[in-house]
Amino acid sequence: MTILLRIGLVLAVCLLPLGHRCLAADNGAISRGIEIVKTDLGNFYLDRENLTRLGIGVAGAAVFANTGMDRYIRNKYQDDLRSKDTDQATKIFNISGTAVALVIAPAYLGAYGAGMLLHNSTMAEWAKNSFRATVVGGPALLVLAAATGGDRPTEGDSKWGAFNNFHGISGHAYFSAVPFITAAKMSDNPYQKAIFYGLSTLTGLGRINDDKHYFSQVALGWYIAYLSCAVVEKGNDQREGRVHVQLAPVPKGIAITLQKTY
């Protein structure tokens, strides 16, 4: 996960500003990127409503992690539901965290470039929004993973203990959920939304099947991804309809130009 954040810092300035060429002409690419990042971070870490939602999610995960519920779900699944068929179905998700980190950010950048090259604004917007969501939720994921300190099912129980381990949240569930939740939020078709939301849970379910994470760890990873995507959606809504005012000297006075972003 730390590798992804390092890649993110490098790519953020490159990717985030590109979709907003209609902002005031005197704003450079870097300033546009900084504005977007500040908006997303503020909506996630300073907004009371979002912090309340995050707190509710953390509290819910704590109930499962610090009681016998996580262990019960784990034992029930492994003993009664796991099979060769489920193992075969989840093979696609057997990817190391390092591999995920190295692939996902360049993949978004490539999708964005392809969207721009093919004049496919939907693809470009999806890639940009997915990348923003991945970046904005990253700090929360890292801090909570360390603060909860839960073990993997094969290492111990899921009870929280700060810095005991680094598996208190499933990074796989977080990273893999973001692109599908982003697609769901961009879709107006309720059936497509349902499909995308369903797909966003598959990697997390695969981690439970493979005994890599407890239920609470997967659920919290998915939930942080959902909140991150919601924050990006909120930031986009805030920028829609924004009016930019420009002053320019003219021979007989000052011209005022109003520019509205859609």
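The secondary structure of the chain comprises eleven helices and two strands, where helices (H or I, at least four residues) and strands (E, at least two) are DSSP runs numbered from the N terminus. The model is predicted: local features need pLDDT of at least 70, side-chain atom pairs count only at pLDDT 80 or more, and totals for chains, interfaces and linings use all residues. Residues are numbered from 1 along each chain as its sequence is written, and side-chain values use heavy atoms, with hydrogens and water left out.

**Exercise 1. Overall description**

State in what order the elements of the chain run, and what share of its residues count as buried.

Solution.
- Step 1. From the N terminus on, the order is α-α-α-α-α-α-α-α-α-α-α-β-β.
- Step 2. Of the 262 residues, 44% count as buried. Buried means under 20% relative accessible area, exposed over 50%, and partly exposed in between (1.4 Å probe, protein chains only).
- Step 3. The chain exposes about 13,600 Å², and carbon and sulfur atoms supply 64% of that area. Accessible areas come from the Shrake-Rupley method with a 1.4 Å probe; for residues, only the protein chains shown count as cover.
- Step 4. A contact means heavy atoms within 4.5 Å. Among the contacts in the chain with a separation of 6 or more, 67% come from residues 24 or more positions apart.

**Exercise 2. Salt bridges across the sequence**

Determine which parts of the chain are linked by the salt bridges of K234 and of R74.

Solution.
- Step 1. A salt bridge is a side-chain nitrogen of Lys or Arg within 4 Å of a carboxyl oxygen of Asp or Glu. A search of the whole structure finds eight.
- Step 2. K234 forms a salt bridge with D47, the closest N and O atoms being 3.0 Å apart. The pair links distant parts of the chain: K234 belongs to helix 11 (residues 215-239), whereas D47 is in the loop between helix 2 (29-45) and helix 3 (48-65), 187 residues apart. With 30% relative accessibility, K234 counts as partly exposed.
- Step 3. R74 forms a salt bridge with D211, the closest N and O atoms being 2.6 Å apart. R74 lies in helix 4 (residues 69-81) and D211 in the loop between helix 10 (202-209) and helix 11, so the pair ties together parts that are 137 residues apart in sequence.
- Step 4. R74 is partly exposed at 21% relative accessibility, while D211 is buried at 7%. D211, just after helix 10, also takes a positive phi of about 65°.

**Exercise 3. Helix 7**

Describe the ends, the span and the kink of helix 7, and place the salt bridge of K128 and E125 in helix 7.

Solution.
- Step 1. At the N-terminal end, N120 caps helix 7: a side-chain oxygen of N120 lies 3.2 Å from the backbone nitrogen of T122.
- Step 2. The expected span of a helix is 1.5 Å times one less than its number of residues. For the 28 residues of helix 7 this gives 40 Å, which agrees with the 40 Å between its end C-alpha atoms.
- Step 3. A kink of about 40° lies at G138, shortly before the proline P139; the bend at a residue is the angle between axes fitted to the seven residues ending there and the seven starting there.
- Step 4. The side chains of K128 and E125 meet in a salt bridge (3.5 Å, N to O). K128 and E125 are three residues apart in helix 7 (residues 121-148), and therefore separated by about one helical turn.
- Step 5. K128 is buried, with a relative accessible area of 1%, and E125 is partly exposed at 27%.
- Step 6. Just after helix 7, G149 takes a positive phi of about 65°.

**Exercise 4. The surroundings of helix 10**

Explain why helix 10 is described as largely enclosed, and identify what covers its buried residues.

Solution.
- Step 1. Six of the eight residues of helix 10 are buried, so helix 10 is largely enclosed by the rest of the structure.
- Step 2. The buried residues are T203, G204, G206, R207, I208 and N209.
- Step 3. Their cover includes helix 4, helix 5 (84-89), helix 8 (171-186) and helix 11.

**Exercise 5. A lysine in helix 8**

Is K185 buried or exposed, and which residues are in contact with K185?

Solution.
- Step 1. K185 is found in helix 8 and is buried, with a relative accessible area of 18%.
- Step 2. Leaving aside neighbours within four places in sequence, K185 is in contact with K193, Y197, Y226, C229, A230 and E233.
- Step 3. A polar contact of 3.3 Å joins the side chains of K185 and E233. A polar contact is a pair of N or O atoms within 3.5 Å; within protein, one must be able to donate a hydrogen and the other to accept it, and residues adjacent in sequence count only if both atoms are side-chain atoms.
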